[in-house]
Every structure is written in structure tokens, then in C-alpha cells.
Amino acid sequence: MSEIRYDGRVAIITGAGGGLGRGYALYLAARGAKVVVNDLGGGADGAGSGTRAADAVVGEIRAAGGEAIANYDSVATAQGGAAIVQTALDAFGTVDIVINNAGILRDGSIVKMPSANFDILIDVHLKGAFYVTQPAFRVMKEKGYGRVVYTASGAGVFGNFGQANYAAAKMGLVGLSSVTAIEGAKYNIRSNVITPIARTRLTEDLMGAMGEAFAPEYIVPMVAYLVSEECAYSHEIFNVGGGRYARVFIASAPGWQVPDGGVPSVEQVRDNLDAIYSDAGFRIPGSAAEA
Ligand code: NAI
């Protein structure tokens, strides 16, 4: 089988100053991509900023003979997103790949969560991904090529105690990717989601000794495939971690159809719950219209 390479491709990777993003940046650059290493350089809770994280990764790439440029803008504003894409255009002339990866955590139960902690998670994860992808999508549409990855989370798709803000933002990204895939289809723009699980500064305290089995390196090849030219998938979700790679999907079951087109009573709904709740014969719709 031929080697997968990214020669001539320009990749924007947000939050690439550490953790998973750094892994993607080093891997793609080693295989020929020109990489914009974006990182705000703040703490795991989003406080602070700095240039060191992005600069260090750019340094590593250049030392290995690769091409990269640093960008320190926050993804969490429209101006920041535009500036990140502009960095790619100024330095490398185009953009082919966007990996939306920047992220922070501010956990707290619904009862205790300050609304500011809800807002900032939506700003960074959900709006941030839109702010970067929108200007990149315009370039991709023009050139008829693009690969986009959004980073969701099992906490978003399946739920996790204490992460209302994070889960809402992450599940929002699933919707954003679905529309990116649908609107991008005729321009050869493909969009997919990963739900990773890996030992990074966001998770090392939680994982403890178990973290040994969840090296971030396991995530990298799946994302590298999804942003490759030969990736045929779009509109998909993949769960990745600890050496396991698996499809996640949102499906719809046939359910119960009210007879004669009439509006059912609440008792009719109750009496048909077996059929309504059954997952037998589910399908995976490709759009809301299909569903
Ligand atoms: P990390 O903390 O090492 O990396 C995230 C990077 O994003 C940091 O370098 C940070 O400075 C940067 N960043 C934060 N806010 C930013 C902003 N406004 N603009 C630009 N950069 C910003 O953590 P990790 O684990 O590598 O996280 C990467 C992504 O994967 C995140 O979106 C995270 O939510 C997601 N994820 C990670 C999981 C894991 O098990 N590590 C599980 C599920 C999702």
C-alpha cells in the first residue's frame, strides 16, 4: 500500500501547542504538510495566554526539517478565527486541512456552575470551531478541496457528570460537522468528528495509573487519515483511544406510526411505547430530510 503524505497541503491545527494538537502537527509536518500551529498558550481552564507553547512545537517541526508557523490568537472570537486562517494564507498561500482541537475545561455540576463557565466553554469549543472553519471553508470551496476534523468527546455524545458546559459544546460540534459535510460535499470538502480519550494535561489527574494505556499517540493516525486526500468518509464520528478505533453513529428507528394520520391521544402513545422505544431495524440517516 502507498504511503499517505500531505505534500503541498496546508494544515491549520488549533490548540497545537500541546497534547493531541501537538501530536497532529508533528505527524502531518513529518509527512510533508505545512502547518499553522495555533495556540493561545493559556492554562487548562483557559486563563492566561503566551507564545511559548506554539513556538516550541514550531521549533520541533523546523528542527526536524518541516515547515510550520506559529499563531497565538484565541479561536474564541471571530477576529481570532479570521486571523488564524489569514496566517495560513500569508505564510503558505492556502488552506487544505483544519483540525479543530483547541479546548479547555471548567467542570461543575449543573446546580453549581457559574454561567460564565458555561459561556466560555461554548465560546472556545463550539463558536471557536465555527470561527476558524468558516473562513477556511470559503477558501476550500473556492479551490474544491478540504478536510475538516472537529474534536468532540464521549462526554458530549453520551454525557458525563459535572460537564454540562463541555458536553453541550462538544455535542454542538457534531451538528456543526454534519452541516460542514453536507454543505461541503459537492466541493470535495469532507468533515468528520472524533471523540478521543487520551492522557493529556486535561485528563492526567482523572486517569491516574490508567493513563499509561491511553497515550495521545494513539489518536494521531486516525485524525491523520481523516485529513488525508484518500479519506472517503465524511459526516462520520469515530471514537478513538487506547488503541481502539470505532465508529459512533446517531441512528433512528422505525418507531410507531399513528394509524389514519390522526393525532394520537396520550394513552395511545403510552400503549405503543414498545414500538416507539424499540431500536430494531434502525437506520443511520444522512440528513434531517432523510430522517
Ligand atoms: P490540551 O490542554 O493539552 O490541549 C488543548 C490546547 O488548546 C492547549 O494547548 C491550549 O492552550 C489550547 N487552547 C485552549 N483554548 C484556546 C483558545 N481559545 N484558542 C487557541 N488555543 C486554545 O488538551 P488535549 O487533551 O490535547 O485536548 C485537545 C482536544 O481534545 C480538546 O478539544 C479536548 O476537549 C478534546 N478531548 C480530549 C480528551 C482527552 O481524553 N484528552 C477527551 C475528549 C476530548
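1. Let's start with helix 6, which gives the most to the lining of the second largest pocket: three residues. Please keep in mind as you read that this is a predicted model.

2. How much space lies in that second largest pocket? About 330 Å³. Its lining is made up of 18 residues, and those closest to the centre are Ser-178, His-235, Ile-250, Ile-284 and Pro-285. Besides helix 6, strand 7 (236-241) and strand 8 are the elements that give two or more residues to this lining. Sorted by class, the lining of the second largest pocket holds 10 nonpolar, six polar and two charged residues.

3. Ile-284 is worth a second look. It is among the residues closest to the centre of the second largest pocket, and it also belongs to a nonpolar patch on the surface, together with Phe-249 and Phe-282. The accessible area of these three residues together is about 260 Å².

4. Now try Phe-249, another member of that patch. Where does Phe-249 lie? You will find Phe-249 in the loop between strand 8 (244-248) and helix 9 (266-271). Is Phe-249 buried, partly exposed or exposed? With a relative accessible area of 38%, Phe-249 counts as partly exposed, because this class runs between the 20% limit for buried and the 50% limit for exposed.

5. Next comes the largest pocket, with a volume of about 1,000 Å³. It is lined by 45 residues, and Gly-103, Ile-104, Tyr-166, Thr-200 and Leu-202 are the closest to its centre. Five helices give two or more residues to the lining of the largest pocket: helix 1 (19-30), helix 4 (115-143), helix 5 (154-158), helix 6 (164-184) and helix 7 (204-207). By class, the lining of the largest pocket has 20 nonpolar, 21 polar and four charged residues.

6. Finally, look inside for cavities. How many cavities of 30 Å³ or more does a search of the whole structure find? The search finds one. The largest cavity has a volume of about 70 Å³. Of the 13 residues that line the largest cavity, Asn-100, Asn-101, Ala-102, His-125 and Ala-129 lie nearest its centre.

7. Which helix supplies the largest share of the lining of the largest cavity? That is helix 4, with five residues. Helix 6 turns up here as well, since helix 4 and helix 6 each supply at least two residues of this lining. By class, the lining of the largest cavity divides into six nonpolar, six polar and one charged.

Note on methods:
Residues numbered from 1 in each chain as written. Predicted model: local features only at pLDDT ≥ 70, side-chain atom pairs only at ≥ 80, totals over all residues. Heavy atoms only, no water. Patch = residues over 30% accessible without salt bridge, like charges linked within 9 Å, V, L, I, M, F, W, Y side chains within 5 Å. Areas by Shrake-Rupley, 256 points an atom, 1.4 Å probe, with all protein chains shown as cover. Salt bridge = Lys/Arg side-chain N within 4 Å of Asp/Glu carboxyl O. Helix = DSSP H or I, 4+ residues; strand = E, 2+ residues; numbered from the N terminus. Buried < 20%, exposed > 50% of the residue type's maximum accessible area, 1.4 Å probe, protein only. 1 Å grid on protein atoms, 1.4 Å probe; cavity = no way out; pocket = protein on both sides within 12 Å on 5 of 7 lines; lining within 4 Å. Points joined across faces, edges and corners; volume = space filled by probe spheres on them. Nonpolar A, V, L, I, M, F, W, Y, C, P; charged D, E, K, R; others polar.
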